[in-house]
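Me: I'd like to go through this one label by label. Tell me what earns each name, and set the values against the rules.

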Amino acid sequence: MTEKTFKILAIDGGGIRGIYPAHILRCIEGRLHINLYDAFDMIAGTSTGSIIAAGVATGLPATDIVEMYEEHGARIFEKKNFFFPGRKLKSMLQPMLNSIYDSKYLENLLADVFKEKRLGEIEKPLLLPCTDIGNGCVHVLKSGYSKEFTRDNNVLVKDAVLASCSAPTYFDPHKLEHYLLADGGLWANNPALAAVIDAQRRLGVYQDNIQVLTIGTGHSKTMYGTSTSRKWGLINGWKHKEFISFILSLQSQSAMNYLNLQLRHDQIKRIDFESDLPLPLDDVSKMDDLITRADHDFTHESEAIRQFILN
């Protein structure tokens, strides 16, 4: 058992909304002068959070991660060419017939950022949830922090991140060795709970010594009302993109509920926000608004964040 405080950084999934936690981390580095790599003993990220988590775990400055979203977000979420007469019919049919976006641009970007680095080469404990759709089960990609778990040591970081980012209907699943993997947000959009469990199980960390800084990507008040006359199709009833965001939000909420049952209040610091408007995973026009919100939230929480990380 370890006696010192074991600090975990966990980043939620949420598509382009990842710029919110990325800016929070940029503020921690730039305004509080805290080195993120040195400050945390384990880093976890799901989907867009996996980009940020892998970046921090490989020593990438948070400001570079923010700039990645700003410079490449629009190209990542550039719709495939889909030839079908009628704009409205096209927008309805595309997510039913194909993934909306081609992951090739994101794949090339990740290759440029992470090069040929492998998970086994990362010294910092890194945990990236995915979903094994081939076998119908959860799948967690990890750096080589456990001598008993060596499956992922040769996995390229760029492939691990792309797998965790492959949100259903947005991107195709990613083939990784013997596995066909999709977005980890299907079961661990907030990876904090998974990280806490693995820290105890794999690293022998005593539960009372854990502290978790968990950063969300915002969630909207998705409500469908109580009408029974609605036609509950994917597009007209469940509202496709809102439904996906709804599922991810519910998962994040449940993870926090369980985490609050496991840990003391002073062991958890959650930074997130609620919006009255929908928060699609792919609305790049909202990036400036998300940065503004992140800056506002950091300003109000900066002293609490500093004390949580440094104490």
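Me: Which helix holds H72, and what makes that stretch a helix?

Reply: H72 is in α4, residues 62-76. Helices here are DSSP runs of H or I with at least four residues (strands are E runs of at least two), numbered from the N terminus. Counted that way, the protein has 11 helices and 10 strands. Bear in mind that this is a predicted model, where local features need pLDDT of at least 70 and side-chain atom pairs pLDDT 80 or more, while totals for chains, interfaces and linings use all residues. Residues are numbered from 1 along each chain as its sequence is written, and side-chain values use heavy atoms, with hydrogens and water left out.

Me: What makes the link between the side chains of H72 and Y105 a polar contact?

Reply: A distance of 2.7 Å. The rule wants a pair of N or O atoms within 3.5 Å, one able to donate a hydrogen and the other to accept it (residues adjacent in sequence count only if both atoms are side-chain atoms), so 2.7 Å fits. Setting aside sequence neighbours within four places, H72 is in contact (heavy atoms within 4.5 Å) with Y105 and L109.

Me: Now I51. How do you know whether it's buried or exposed?

Reply: From its relative accessible area, which is 7%. Buried means under 20%, exposed over 50%, and partly exposed in between (1.4 Å probe, protein chains only), so I51 is buried. I51 belongs to helix α3, residues 48-57, where 10 of the 10 residues are buried. Just after α3, G59 has a positive phi of about 85°.

Me: What surrounds I51?

Reply: Beyond its neighbours within four places in sequence, I51 touches M68, Y69, L106, L110, F114, V161 and C165. V161, in turn, touches S50, I51, A54, L110, F114 and L128, again not counting residues up to four places away.

Me: What makes a group of residues a nonpolar core, and how many residues are in the largest one here?

Reply: A core is a set of buried Ala, Val, Leu, Ile, Met, Phe, Trp, Tyr and Cys residues joined through side-chain atoms within 4.5 Å. The largest has 69 residues, and L25, I28, Y69, L126, V161, L213 and I215 have the most contacts inside it. Helix α11 (residues 287-310) gives the most to this core, with eight residues. There's also a second, separate core of 22 residues, including M42, L127, A195 and L263. As background, nonpolar side chains in soluble globular proteins tend to be buried together.

Me: How many disulfides are there, and why does C165 not make one?

Reply: The count is zero. The cysteine sulfur nearest to that of C165 belongs to C130 and is 8.8 Å away, whereas a disulfide needs two cysteine sulfurs within 2.5 Å, so C165 is in none. C165 has 8% relative accessibility, so it counts as buried.

Me: Why does C137 get the label "partly exposed"?

Reply: Its relative accessibility is 36%, which falls between the two cut-offs, so "partly exposed" it is.

Me: How many aromatic pairs are there, and why is the one of Y20 and F273 called tilted?

Reply: Five. Rings of Phe, Tyr and Trp (its six-membered ring) pair if their centres lie within 6.5 Å; planes under 30 degrees apart are stacked, over 60 edge-to-face, and the rest tilted. Y20 and F273 come in at 4.8 Å and 50°, so the pair is tilted. It links distant parts of the chain, 253 residues apart: Y20 is in helix α1 (residues 19-30), F273 in the loop between β9 (268-271) and β10 (274-275). Y20 is buried at 0%, and F273 is buried at 6%.

Me: And what makes F77 and Y101 edge-to-face?

Reply: Their centres are 5.2 Å apart and their planes at 85°, so edge-to-face applies. F77 lies in the loop between α4 and α5 (87-97), and Y101 in the loop between α5 and α6 (104-114), 24 residues apart. Both are buried. Ring pairs link F77, Y101, Y170 and F171 into a cluster.

Me: How do you know that K124 lies over the face of Y37?

Reply: K124 is 4.4 Å from the ring centre. The rule asks for NZ of Lys or CZ of Arg within 6 Å of the centre and within 35 degrees of the ring normal. The charged end of R151 also sits over a ring, that of Y179, at 5.9 Å from its centre.
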